[in-house]
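Please take a moment to look over the sequence and the three-dimensional model shown here. The paragraphs that follow begin at the ligand and then move outward to the helices.

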Amino acid sequence: MKTYLQRRIATFTATALLLTSAAPGQTPSPPAAPKMKAIVYHNYGSPEVLQLEEIEKPVPSDNQVLVKVRAVSINPYDWHFMEGIPYIARLLAFGPLKPTSPRLGVDFAGTVEAVGKSVTQFKPGDEVFGGKGGAWAEYLVISEKFLVMKPANISFEQAGVVQIAGLTALQGLRDKGKVQPGQKVLINGASGGVGTFAVQIGKHLGAHVTGVCSGRNAELVRSLGADQVVDYTKEDFTKTGQRYDVIIDNVGNRSLSECRSVLTPNGKYVLIGGGGVNDNRWTGPIGVVIKTLLWRPFISQEMKMMVADVNKDDLTFLADLMQSGKVTPVVDKTYPLSEIRDAIRYVETGRARGKVAVTLSEGGAIALEDGVAQKVEGSTIGPVPVALTLIAVPLFVLVGPILIALVLNRRFRRENPDKRPFRWGYYFSVMTFVSAVGIALLLDFGLTSVVISVVLYGLLAWAFTQRKHWAWIALTILSFNPIAWIINAIYLRKRWAEEPA
Ligand SMILES: NC(=O)c1ccc[n+]([C@@H]2O[C@H](COP(=O)([O-])OP(=O)(O)OC[C@H]3O[C@@H](n4cnc5c(N)ncnc54)[C@H](OP(=O)(O)O)[C@@H]3O)[C@@H](O)[C@H]2O)c1
């Protein structure tokens with residue numbers, strides 16, 4: 001039997017439910033999804049494009065872990081996405097006119113808030129670190145396969161800057177450089193995010209480490225264990241007469257031939273990256289990457305590039321090194337989330353000493369502020385002209401010489417009806433010029449490569465006009481032009497039938 005009070009409560013609850021539920025005939029609206037704050041950007045540009053927005057809080061799936069983020073880091077990777085630089089990457093990865101994904105950030109550290117039902121290695125309250133796209137947010141979900149326990153002796157700020165720089169340094173030295181105990185290793189850019197990890201890991205691997213940095217950072221690099229320091233403001237590491245078994249290049253400011261000159265005969269050069277906000281805004285490191293690939297087959301030294309591979313084994317390896325005190329992340333500055341724009345401005349200057357951390361305080365972030373950090377000015381070309389140029393230039397390079405050749409050929413036939421047409425000879429002459437300029441730019445050989453290329457292509461073009469089929473094939477291939485490859489493949493048999501060799 002219900003008491004009077006129980007009946008009153010039941011009536012009150014039923015009335016309240018009726019009032020808050022939908023009117024008859026309407027479906028009840030689902031409860032609002034929980035929200036969180038995240039840094040987002042909807043347009044490319046300098047740090048002002050960053051906004052703090054409320055978005056849906058993620059829910060972990062069965063094998064995922066929900067992490068409450070305590071600290072994140074700023075990597076050059078982040079400003080590449082934010083600024084949409086290099087422009088060519090907008091077409092290839094970032095999004096042609098606007099960022100495809102509005103979220104930023106990768107490295108993080110935090111505490112486990114909840115786990116999916118298949119998760120076995122983590123429980124709520126665990127302190128963890130790792131990396132996940134869109135990490136600049138109050139919460140993130142991540143597969144337990146990519147998450148690692150934070151060593152107790154490392155702060156959230158330190159653990160939150162490890163993933164990209166730490167993995168890059170480790171894999172660059174161990175996997176690409178194959179560093180052996182006693183080998184001489186040079187780290188160009190030893191005082192930056194990757195460099196400060198590389199010096200410590202290089203020492204752990206038993207190498208003799210030389211760090212290249214400016215004088216103001218020499219003491220820092222020595223304190224991390226470097227056996228020698230080259231102050232690049234006073235000395236050029238390519239002119240010291242020293243030879244190295246492995247070069248880890250975080251700056252990319254020396255030509256490949258200069259780097260080769262200080263490598264041992266079987267030495268390894270590992271290009272990590274380089275370039276600031278205003279360097280090679282159109283193509284970024286693509287030129288250096290192509291040069292490295294072109295050099296590779298012709299020399300005994302190994303020229304390599306790398307992109308860090310995210311895996312739990314290597315993150316655990318780094319965690320163990322930190323636990324044992326062999327590696328300590330160097331955090332130059334720590335900013336609150338509200339000053340993240342300033343934090344990026346600082347990283348964009350290219351002068352950070354070690355890593356830059358951003359912390360998320362309890363209770364979430366407040367509005368974003370602009371502080372006093374030095375602003376790195378960049379040219380401001382709108383996204384539409386950038387996209388049009390990126391489409392028009394390759395199209396012109398591919399189709400332009402063909403059109404010019406067709407016009408020249410038609411004129412030649414009109415003026416010389418009794419002579420045999422020059423056909424694609426005109427095309428290859430135009431391509432001689434285009435290829436010469438392209439190769440000169442790519443190989444950094446300047447005028448020499450223009451001359452070599454003009455002579456080479458010129459000779460082939462002359463042999464071609466003599467109806468030499470091998471010249472036709474060689475020039476077609478060396479045109480580096482897929483459109484010419486297709487056209488010539490289609491007409492090859494027909495032309496050969498017309499003009500037997
Ligand atoms: N391939 C990959 O997977 C991968 C991963 C991570 C990073 N990266 C790339 O690697 C590069 C380095 O990254 P990071 O995080 O180390 O950058 P960072 O932290 O911004 O590097 C800043 C450091 O570079 C030093 N530096 C600047 N000019 C120098 C020069 N001429 N010689 C020697 N040192 C110089 C600065 O020292 P001073 O102030 O003393 O000049 C500063 O300490 C970036 O381009 C980044 O995009 C690639």
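Why does the ligand lie between domain 1 and domain 2? In this predicted model, domain 1 (35–162 + 329–359) and domain 2 (165–305) both give residues to the shell around the ligand, so the ligand lies between them. The residues around the ligand number 33, and among these P76, G192, G193, S214 and G273 come nearest. Two or more residues of the shell are given by each of helix 2 (76–83), helix 5 (163–176), helix 6 (193–204) and strand 9 (208–213). Sorted by class, the shell holds 15 nonpolar, 16 polar and two charged residues.

Three pairs of packed helices can be followed next. Two packed helices are described by the angle between their axes and the distance between the axes. For helix 5 and helix 6, the axes come within 8 Å and cross at roughly 50 degrees, which means that helix 5 is oblique to helix 6, since an angle counts as roughly perpendicular from 65 to 115 degrees and as roughly parallel under 35. The crossing of helix 5 and helix 6 is right-handed. On the side of helix 5, the contact is made by A165, G166, T168, A169, L170, G172 and L173, while helix 6 brings G193, V194, F197, A198, I201 and G202. This contact of helix 5 with helix 6 has eight nonpolar and five polar residues, and no charged ones.

Helix 5 also packs with helix 10 (residues 312–323), where the angle is about 95 degrees and the axes are 10 Å apart. Is helix 5 oblique or roughly perpendicular to helix 10? The angle makes helix 5 roughly perpendicular to helix 10. Here Q163, G166, L167, L170 and Q171 of helix 5 meet D314, L315, F317 and L318 of helix 10, and the contact consists of five nonpolar, three polar and one charged residues.

The third pair is formed by helix 2 and helix 11 (residues 340–348), whose axes come within 10 Å and cross at roughly 105 degrees, so helix 2 is roughly perpendicular to helix 11. In this contact, P76, D78, W79 and M82 belong to helix 2, and I344, V347 and E348 belong to helix 11. The residues of the contact between helix 2 and helix 11 divide into five nonpolar and two charged, with no polar ones. One of these contact residues, P76, is also among the residues that come nearest to the ligand.

Two details of the backbone remain, and both are found in loops that follow helices already described. The loop between helix 2 and helix 3 (88–94) contains P86, and the peptide bond from I85 to P86 is cis, with omega near 0 degrees. In the loop between helix 5 and strand 8 (184–188) lies K178, which has a positive phi of about 45 degrees although K178 is not a glycine.

How values were computed. Residues are numbered from 1 along each chain as its sequence is written. This is a predicted model: local features need pLDDT of at least 70, side-chain atom pairs count only at pLDDT 80 or more; totals for chains, interfaces and linings use all residues. A residue is near a molecule or strand if its C-beta atom, placed from the backbone, lies within 6 Å of it. Helices (H or I, at least four residues) and strands (E, at least two) are DSSP runs, numbered from the N terminus. Ala, Val, Leu, Ile, Met, Phe, Trp, Tyr, Cys and Pro count as nonpolar, Asp, Glu, Lys and Arg as charged, and the others, Gly among them, as polar. Domain bounds come from an automatic or database domain assignment. Axes are lines fitted to C-alpha atoms, for helices over the stretch in contact, and angles run from 0 to 180 degrees between N-to-C directions. Angles under 35 degrees count as roughly parallel, over 145 as roughly antiparallel, 65 to 115 as roughly perpendicular and the rest as oblique. A crossing is left-handed if the near helix is turned anticlockwise from the far one by less than a right angle, and right-handed if clockwise. Two residues are in contact if their C-beta atoms, placed from the backbone, lie within 7 Å.
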